[in-house]
Amino acid sequence: MVPTLPAMTIAVALGLLAANLPGTAVWIAGRARPGLDFAGKHLMRGGIVLLGLKVSIMDILGLGWLAMVLITGVVLLSFGGTYLLVRLFRLPRETALLVATGFSICGASAIGAMAAVRRIRHADTVLPVALVTLCGTLAIGILPLLMHPLQLSPLAFGAWTGASVHDVGQVVATAQTAGTAALGIAVVVKLTRVLLLAPVVAVAGVHHRMNTSGQHALPPLVPLFVVGFVAMVALRSTEWLSDGWLDAGAGLQDILLGAALFGLGSAVRIRTLLHTGARALLAALAAWLLIALLGLAAALLMTA
């Protein structure tokens, strides 16, 4: 089965194309810029809230305590390792933090959440989003090719995909190549990582608050959209919502995140990216390899 690109990856690519084609570049940089920036910032937060409707605590508990410990370990080790790798390539702390968050948890959504809680400029999220999209797309093409050489069962391959691929859509696109069993475990493992978005962002918010000087500049301990995300997780876990409501929520989330990622993609200038992004690309590829190895080790232990 040939993997297909997820809608969120396509949204970033279309935004990038619109910003760099002669016929649309002027409009994107001029009249459309305020609306695109609004989408990249505020619609992203709405999409993160609705992302909670995909996470069921009962599904996650069904994995067992060992799997939850392993997944948490992958997130923490990949977060710390990616941060150090990006800093080794002499990139700014803000970039390292955003790339580490996106790679270890849930791609562009996690980047948007971390940028909000740390008061990082919208413009500084553009490169991390481009990197996490590129490397997640790379996983869609490469991981299925490694399933048979590594002698992975469909369950092990699905667990590996869920533990190491960045965005939910990218996980689905990769895991579905190995069948429904692989897809099922991949989604649950991935959503366990997504659930860790709330505590990681909350800790980052508390740390930022403790290190922010001036009483009028203090950010909230936990942003409202993170509270909304947790509330949606709780609502989904009650099983009160019908499939129709969940499908509607998923559709609205796709619209919000698609618009947000188009907005972020439209801020990428190819010339600037090629000029300034070489070190960032090497750092991202090193981080991609790190999380792939950590995820593989966790998957083998989970399915042994």
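A helix here is a DSSP run of H or I at least four residues long, and helices are numbered from the N terminus. That is needed for the names that follow, such as H1. One more thing before the details: this is a predicted model.

I will start with empty space. A search of the whole structure finds one cavity of 30 Å³ or more. About 80 Å³ of space lies in this largest cavity. Which elements give two or more residues to its lining? They are helix H1, residues 7–20, helix H6, residues 93–117, and helix H7, residues 126–146. The largest share, three residues, comes from H1.

As for the residues themselves, the lining includes Met8, Thr9 and Val12. Gly107, Ala108, Val132 and Thr133 are also among the lining residues, and so are His166, Asp167, Gln170 and Leu261. Sorted by class, the lining has five nonpolar, five polar and one charged residues.

Next, the packing. The largest nonpolar core has 81 residues. H6 gives the most to this core, with 15 residues. Which residues have the most contacts inside the core? They are Met44, Phe103, Trp160, Val194, Leu197, Leu261 and Met302. Leu261 has come up already, as part of the cavity lining.

Take Trp160 as an example. Leaving out residues up to four places away in sequence, Trp160 touches Leu143, Leu146, Leu150 and Leu152. On the same count, Trp160 also touches Ala292, Gly295, Leu296 and Ala299.

Apart from the largest core lies another, of five residues. Ala18, Ala19, Ile28 and Leu36 are among them.

Now a residue in a loop. Thr125 lies between H6 and H7. Is Thr125 buried or exposed? Buried means under 20% relative accessible area. Thr125 has 5% relative accessibility, so it counts as buried. Not counting residues up to four places away in sequence, Thr125 touches Leu98, Ile111, Ala115 and Leu264.

Last, the record. The UniProt annotation "transmembrane region", from an unreviewed entry, covers several stretches, including residues 6–30, 51–76, 96–117 and 129–147. Further stretches in that annotation are 181–205, 217–235, 255–274 and 281–302.

I looked at two of these in the model. Over residues 6–30 the chain is 88% helix and 0% strand, with the end C-alpha atoms 29 Å apart. Over residues 51–76 the figures are 69% helix and 0% strand, and the end C-alpha atoms there are 21 Å apart.

Methods. Residues numbered from 1 in each chain as written. Predicted model: local features only at pLDDT ≥ 70, side-chain atom pairs only at ≥ 80, totals over all residues. Heavy atoms only, no water. 1 Å grid on protein atoms, 1.4 Å probe; cavity = no way out; pocket = protein on both sides within 12 Å on 5 of 7 lines; lining within 4 Å. Points joined across faces, edges and corners; volume = space filled by probe spheres on them. Nonpolar A, V, L, I, M, F, W, Y, C, P; charged D, E, K, R; others polar. Core = buried A, V, L, I, M, F, W, Y, C linked by side-chain atoms within 4.5 Å. Buried < 20%, exposed > 50% of the residue type's maximum accessible area, 1.4 Å probe, protein only. Contact = heavy atoms within 4.5 Å. UniProt positions renumbered as here; feature names shortened; annotations may be inferred.
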